[in-house]
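Q: Please take a close look at one part of this structure, the surroundings of the ligand, and explain it for someone who has not seen the structure before.

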Amino acid sequence: MDNEKFWDSEYVDSRLITQSVKPQKDFFRFLAWMKKNNNMDLYGNISVLDLGCGVGRNAYYMAGQYSAEVFAWDFSEQAITKGKKLFQHKKLKLEKRDMMKTFPLEDNSIDLILDITASNALNEKGRANYLKEMYRVLKPTGYIYLRTLAKEGDKNAKCLIKHFSGKEYDTYIHPELGITERVFSGPDFKQIYEPYFTVIRMLRKSGYQRFGKQNYKRNYWNVYLKAKKK
Ligand SMILES: C[S@@+](CC[C@H](N)C(=O)[O-])C[C@H]1O[C@@H](n2cnc3c(N)ncnc32)[C@H](O)[C@@H]1O
C-alpha cells in the first residue's frame, strides 16, 4: 500500500495513531525551551507551518494559545476532513497538501516549522524537496521543531530494518501496515539538516507506537533547529 492510501485508511479506522486531540507532549518541552531562552516572542503574531499535521491538534494549539497564523498541511484527505470538524479557528488553515511538493508560500515568511513524527515517511527525493522548501520559506530568525523515529536503543527499529528492510538507507516496510518509514541516528541530523539549518539541541525520548491493541516501545529524536541564512 502506498503511504498516502495507508494514512487515509488510518484516519477512518485507526490502528496506529492515537485518537488524542491534545498536543504532542514533547512539543510542550520545545515550546517551554523557546520561552526560557527568549528565542521568539510566541505571542507576537507569528506564522507557523505544520507539516504532516494529521488532524491538526498541534496546529490548533498554536492558533488558540498564541494566536499564531497556522498553515497546517497533511496529504491525507481524511485527516484534513476530520481535523476541520474537530478544530475551527480563524487563524488555522488546514489543507490537504503533500510536503514533497513545492510549498505555496512566500520566501522568508514562516517563523516556526513543525514536523512532528511526519517526515520519517519521506523517501530521499521527497526529503530533498522538503529541506529545500523549508529553507526557502523559513525566516532568517526562524526555528524548526522536528520529532522523528530514532535508531539508537530501539530494538523494534533494528528488528524491522533487519527483517523488512526498504530500498533506501535505514528504512523498513512495516510488515503489517505496508508503509515505509525511516529511522535516524544522531549524526544523521548534522549530515541531512546542517547544509540548510543549524542543529541547536537534540533530545532522545522513549514513547510508544500503537499497533492494534498493542503498544511498541519506540525511541524518538526531538531536534531543535534554527535557520542558517542572513
Ligand atoms: C504519525 S502522524 C502525526 C500527525 C501529527 N503531526 C500529530 O502529531 O498529530 C504522521 C502524519 O504525516 C502525514 N504525512 C506523511 N507523509 C506526508 C507527506 N508527504 N505530506 C503531507 N503529510 C504527510 C500522514 O498523513 C500523517 O497524518
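A: What follows describes the surroundings of the ligand and then one helix.

This is a predicted model, in which local features need pLDDT of at least 70 and side-chain atom pairs count only at pLDDT 80 or more, while totals for chains, interfaces and linings use all residues. Residues are numbered from 1 along each chain as its sequence is written, and side-chain values use heavy atoms, with hydrogens and water left out.

There are 19 residues around the ligand, and Y11, G52, R57, D74 and D98 come nearest; a residue belongs here if one of its heavy atoms lies within 4 Å of the ligand. By class, this shell holds 10 nonpolar, 5 polar and 4 charged residues, where Ala, Val, Leu, Ile, Met, Phe, Trp, Tyr, Cys and Pro count as nonpolar, Asp, Glu, Lys and Arg as charged, and the others, Gly among them, as polar.

A polar side-chain atom of Y11 lies 2.5 Å from an oxygen atom of the ligand, whereas for G52 a backbone N or O atom lies 2.8 Å from a ligand nitrogen atom. F75 likewise has a backbone N or O atom 3.2 Å from a nitrogen atom of the ligand. Of the 600 Å² of accessible area (Shrake-Rupley method, 1.4 Å probe) that the ligand has on its own, the protein covers 93%. Helix 1 (3-12) and helix 3 (57-66) are the elements that give two or more residues to the shell, helices being DSSP runs (H or I) of at least four residues.

In helix 4 (residues 77-86), A79, I80 and G83 are buried, meaning under 20% relative accessible area with a 1.4 Å probe and protein chains only.

Terms used. Polar contact = N/O pair within 3.5 Å; in protein donor to acceptor, adjacent residues only side chain to side chain. Buried < 20%, exposed > 50% of the residue type's maximum accessible area, 1.4 Å probe, protein only.
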